[in-house]
Structures are given as C-alpha cells and as structure tokens.
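Please open the structure in a viewer and keep the sequence panel beside it. The tour proceeds by selection, one group of residues at a time.

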Amino acid sequence: MTLLIQEISCTDAPMALLLLLADPSEDKVRSSLAGSRCFAAFRDGVVVGACVVQPRGAGVHELMSIAVLPEHQQSGYGTVLLQSVIDCFRASGASQLEVGTGTFGYQLAFYQRHGFRVASIDHDFFVRHYPEPVFEDGIQHLDMLRLRLRY
C-alpha cells in the first residue's frame, strides 16, 4: 500500500467525500473548515481519504471529520491517515486531540484502537443538532461521545 498523506488547503478539501461519509450536514462540514487544517490521503495521485482538524486552544485540537472512499475502506487507509494526523499534532507540541462520535458503530472502535478514550457524553446531541434523525445500522444516534487522546 503506497499512500501519501499531505496537508492541503481547506479550500481544496474534497467536499463530496467529507459529505458522503464524515457528516450528513453540509453546513457543519463547511463551517468546520474555517481555521482548520486539512489532510488528504493520496493513492496514485487520487484522493482516497481526507481529514479536518480544528484548533480548540491551549494545545487542544479537534478531529472534525475523517473519511475514506467506500471502495478503499477496510484497507488500512483510514488507520494510516489518522495515525499521520496524530503524529503531526504530537510533533507540533499539541497536548491532546479530541473527537466526537456516536455511542456505537465502527467509528467508536476505530478511535479507541488509536488510543482515544471516552471523556464525556453530550446527551441528545444528534437530536438537537440535526434536522433529520441520524441512523446507523437501523439504530438512531442520539448521544455523542466525546473522546480524547492525550499526548
């Protein structure tokens, strides 16, 4: 697997990929780009994954979205992308990386495999912040888990 991870301008963020997989709300994805850093995973010159990270202050950064094209999922690309981002922020002197995700699903296990731990629960987050119910595997997401990776 030859994968190049590169920081890109947020104006070049692959919106179709981020909207398809990272978050169903275009407004949330677009608003998360302001002031953020964007990273892309390239295979043979083609973007196969993307990640957006926003500063939260005092060495804290939040992973706003990460996505890998469906045909490249379960190939290790998401792992390489996330590990590269973790390493980048560690090297820059960040104190922690945070992410919000649903209380179930493959995303939760994905983050936990990379050392993220549950820090808090935002009850009814998906009900309060999305106009339509968000479902995964036939189950409605209600609460958001806030996860943290401390360096």
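The stops below move from the main core to a helix, its rings, a buried glutamate, the cysteines and two loops. The model is predicted, and residue numbers start from 1 along the chain as its sequence is written.

**Stop 1: the cores**

Begin with Y111 and F116, the residues with the most contacts inside the largest nonpolar core, a set of 40 residues. Next, select residues 77-91, helix α3; with six residues, this helix gives the most to the core. As background, nonpolar side chains in soluble globular proteins tend to be buried together.

Return to Y111 and display its surroundings. Beyond neighbours within four places in sequence, Y111 is in contact with L63, I66, L82, V99, T101, F116 and L147. Apart from the largest core lies another, of five residues, including F125, Y130, V134 and M144.

**Stop 2: helix α4**

Select residues 106-113, which form helix α4; L108, F110 and Y111 are buried there. Why do these residues lie on the same side of α4? The arc that they cover around the axis is only 160°, and this puts them on one and the same side of the helix. On the other side of α4, the residues to select are Y106 and R113, both exposed.

To see what covers the buried residues of α4, add strand β4, helix α3, β5 (96-102) and β9 (144-150), which are among the covering elements. Just after α4 comes G115, whose phi is positive, at about 100°.

**Stop 3: aromatic rings**

Now show the rings of the aromatic residues. How many aromatic pairs does a search of the whole structure find? The search finds six. In one of them, Y111 and F116 meet edge-to-face, with 5.7 Å from centre to centre and 70° between the planes. Y111 counts as buried because its relative accessible area is 7%, under the 20% cut-off. F116 is likewise buried, with a relative accessible area of 2%.

Add F110 to the selection: ring pairs link F110, Y111 and F116 into a cluster. Then move to F125 and Y130, an edge-to-face pair with 6.3 Å between centres and 65° between planes. Both F125 and Y130 are buried.

**Stop 4: E62 in strand β4**

Select E62, which is placed in strand β4 (residues 60-68). Is E62 buried or exposed? E62 counts as buried, because its relative accessibility is 8%.

Which side chains make polar contacts with that of E62? The side chain of R56 does so at 2.8 Å, and that of R146 at 2.9 Å. A wider selection shows the residues that E62 touches, not counting those up to four places away in sequence: V52, V53, Q54, R56, L97, E98, V99, G100 and R146.

**Stop 5: L81 and the cysteines**

Go back to helix α3 and select L81. L81 counts as buried, because its relative accessibility is 0%. Leaving aside neighbours within four places in sequence, the contacts of L81 are I5, F39, A40, A41, G49, A50, C51, I66 and A67. For a distance to draw in the viewer, take T2 and L81: they are 79 residues apart in sequence, and their C-alpha atoms are 12 Å apart in space.

C51, one of the contacts of L81, leads to the cysteines. A search of the whole structure finds zero disulfides. From C51, which is in no disulfide, the nearest cysteine sulfur is that of C38, 8.4 Å away. C38 is buried, with a relative accessible area of 1%, and C51 counts as buried at 1% relative accessibility.

**Stop 6: two loop residues**

Finish with backbone geometry. Most residues other than glycine have a negative phi.

Select A58 in the loop between β3 (46-57) and β4. Its phi is positive, near 50°, in a residue other than glycine. A58 counts as exposed because its relative accessibility is 78%.

The last selection is D137, in the loop between β7 (134-136) and β8 (139-141). D137, again a residue other than glycine, has a positive phi near 55°. At 73% relative accessibility, D137 counts as exposed.

Technical notes:
This is a predicted model: local features need pLDDT of at least 70, side-chain atom pairs count only at pLDDT 80 or more; totals for chains, interfaces and linings use all residues. Side-chain values use heavy atoms; hydrogens and water are left out. Helices (H or I, at least four residues) and strands (E, at least two) are DSSP runs, numbered from the N terminus. Buried means under 20% relative accessible area, exposed over 50%, partly exposed in between (1.4 Å probe, protein chains only). A polar contact is a pair of N or O atoms within 3.5 Å; within protein, one must be able to donate a hydrogen and the other to accept it, and residues adjacent in sequence count only if both atoms are side-chain atoms. Contact means heavy atoms within 4.5 Å. A nonpolar core is a set of buried Ala, Val, Leu, Ile, Met, Phe, Trp, Tyr and Cys residues joined through side-chain atoms within 4.5 Å. The arc is that of the directions from the helix axis to the C-beta atoms. Rings of Phe, Tyr and Trp (its six-membered ring) pair if their centres lie within 6.5 Å; planes under 30 degrees apart count as stacked, over 60 as edge-to-face and the rest as tilted. A disulfide is a pair of cysteine sulfur atoms within 2.5 Å.
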